[in-house]
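Open your viewer and set the chain to a cartoon view. Keep the selection box at hand. We will go stop by stop.

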Amino acid sequence: MAKAKPGGGGVQNKALYSRLSFLQQAAVFLSTATLDNDSSNTSELKKDQNPLLQGAGRRLATDLRAVSLKSRIRLKPAVKQSICKFCDSVLIEGESCTSGIENKSKGGRKPWADVLVRKCHTCGKERRYPVCAKRPKRKTERPVATPEQPDMMDQTG
């Protein structure tokens, strides 16, 4: 075994973390990149991404997921949510996906029931992520009302 370096240890698997970071950055770059040709259809290329670059971005996103699974390194939720689970395309708001907040509670009265819905333009699938809003405690876990603060349910009106 090698001696430990003085001053504490570094990050284990630093090469894997740097590889994951590179794959994620390259996938996002290739998914957003467009080819600028001097031909007459440059406006079409800017509207629709070049399929070759988009395919390369999808391949890098696939490699990103494969490396993280093989090395058993957990990806951050922001990175996981930026890649479509079904087609491995990079999700960029307004370009390759649409997002919206959905609340299916009665009239949207429950703020803890908010869900972020992201729809991929490539495969058409939707993913739902909870929006972090604290849920109130159950009635049995709420503090008991004291005589100074009468319970609203006890009053008849």
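The tour starts with the whole chain, then visits helices, cores, cysteines and two unusual backbone angles.

**Before you select anything**

This is a predicted model: local features need pLDDT of at least 70, side-chain atom pairs count only at pLDDT 80 or more, and totals for chains, interfaces and linings use all residues. Residues are numbered from 1 along each chain as its sequence is written, and side-chain values use heavy atoms, with hydrogens and water left out.

**Stop 1: the whole chain**

Colour by secondary structure. The chain has 4 helices and 3 strands. Here helices (H or I, at least four residues) and strands (E, at least two) are DSSP runs, numbered from the N terminus. Along the sequence the pattern reads α-α-α-α-β-β-β.

Now show the surface. The chain exposes about 12,700 Å², and carbon and sulfur atoms supply 54% of it. Accessible areas come from the Shrake-Rupley method with a 1.4 Å probe; for residues, only the protein chains shown count as cover. Of the 157 residues in the chain, 23% are buried. Buried means under 20% relative accessible area, exposed means over 50%, and partly exposed lies in between (1.4 Å probe, protein chains only).

**Stop 2: helix α1**

Select residues 14-32. This is helix α1, with 19 residues. At 1.5 Å a residue it should span 27 Å, and its end C-alpha atoms are 27 Å apart, which agrees. The expected span is 1.5 Å times one less than the number of residues in the helix.

Which residues of α1 are buried? Show L20, L23, A26, A27, L30 and S31 as sticks to see them. Look down the axis of α1: these buried residues fall within an arc of 135°, so they line one face of the helix. The arc is that of the directions from the helix axis to the C-beta atoms.

Turn to the face away from the buried side. There α1 carries the exposed residues K14, F22, Q25 and F29.

What do the buried residues of α1 pack against? Their partner is α3 (51-71). That is the next stop.

**Stop 3: helix α3**

Select residues 51-71. Helix α3 has 21 residues and reaches 30 Å from its first C-alpha to its last, close to the 30 Å expected at 1.5 Å a residue. Its buried residues are L53, G57, L60, A61, L64, V67, S68 and S71. They cover an arc of only 125° around the axis, which puts them on the same side of α3. The face turned away from them carries the exposed residues P51, L52, R59, L69 and K70. Cover for the buried residues of α3 includes α1 and α4 (77-81).

Zoom in on L60. This residue of helix α3 is buried, at 16% relative accessible area. L60 touches L23, A26, A27 and L30, not counting residues up to four places away in sequence. Contact means heavy atoms within 4.5 Å.

**Stop 4: the nonpolar cores**

In soluble globular proteins, nonpolar side chains tend to be buried together. A nonpolar core here is a set of buried Ala, Val, Leu, Ile, Met, Phe, Trp, Tyr and Cys residues joined through side-chain atoms within 4.5 Å.

The largest core has 16 residues, and L20, L23, L60, L64 and V90 touch the most other members. α1 and α3 each supply at least two residues of this core. Apart from it lies another core of 5 residues, among them C84, C87, L91 and C97.

Next, select L64. Leaving out residues up to four places away in sequence, L64 touches L20, L23, Q24, L75, V79 and I83.

**Stop 5: the cysteines**

How many disulfides does the structure hold? The count is 0. A disulfide is a pair of cysteine sulfur atoms within 2.5 Å.

Select C84. Its nearest cysteine sulfur, that of C87, is 3.6 Å away. C84 is buried, at 3% relative accessibility.

Then select C123. Its sulfur is 3.7 Å from the closest cysteine sulfur, in C84, too far for a bond. C123 is partly exposed, with a relative accessible area of 31%.

**Stop 6: two positive phi angles**

Select N13, in the segment before α1. N13 has a positive phi of about 60° although it is not a glycine. N13 is partly exposed, at 45% relative accessibility.

Finish at R72, in the loop between α3 and α4. Phi of R72 is also positive, near 60°, in a residue other than glycine. R72 is exposed, with a relative accessible area of 78%.
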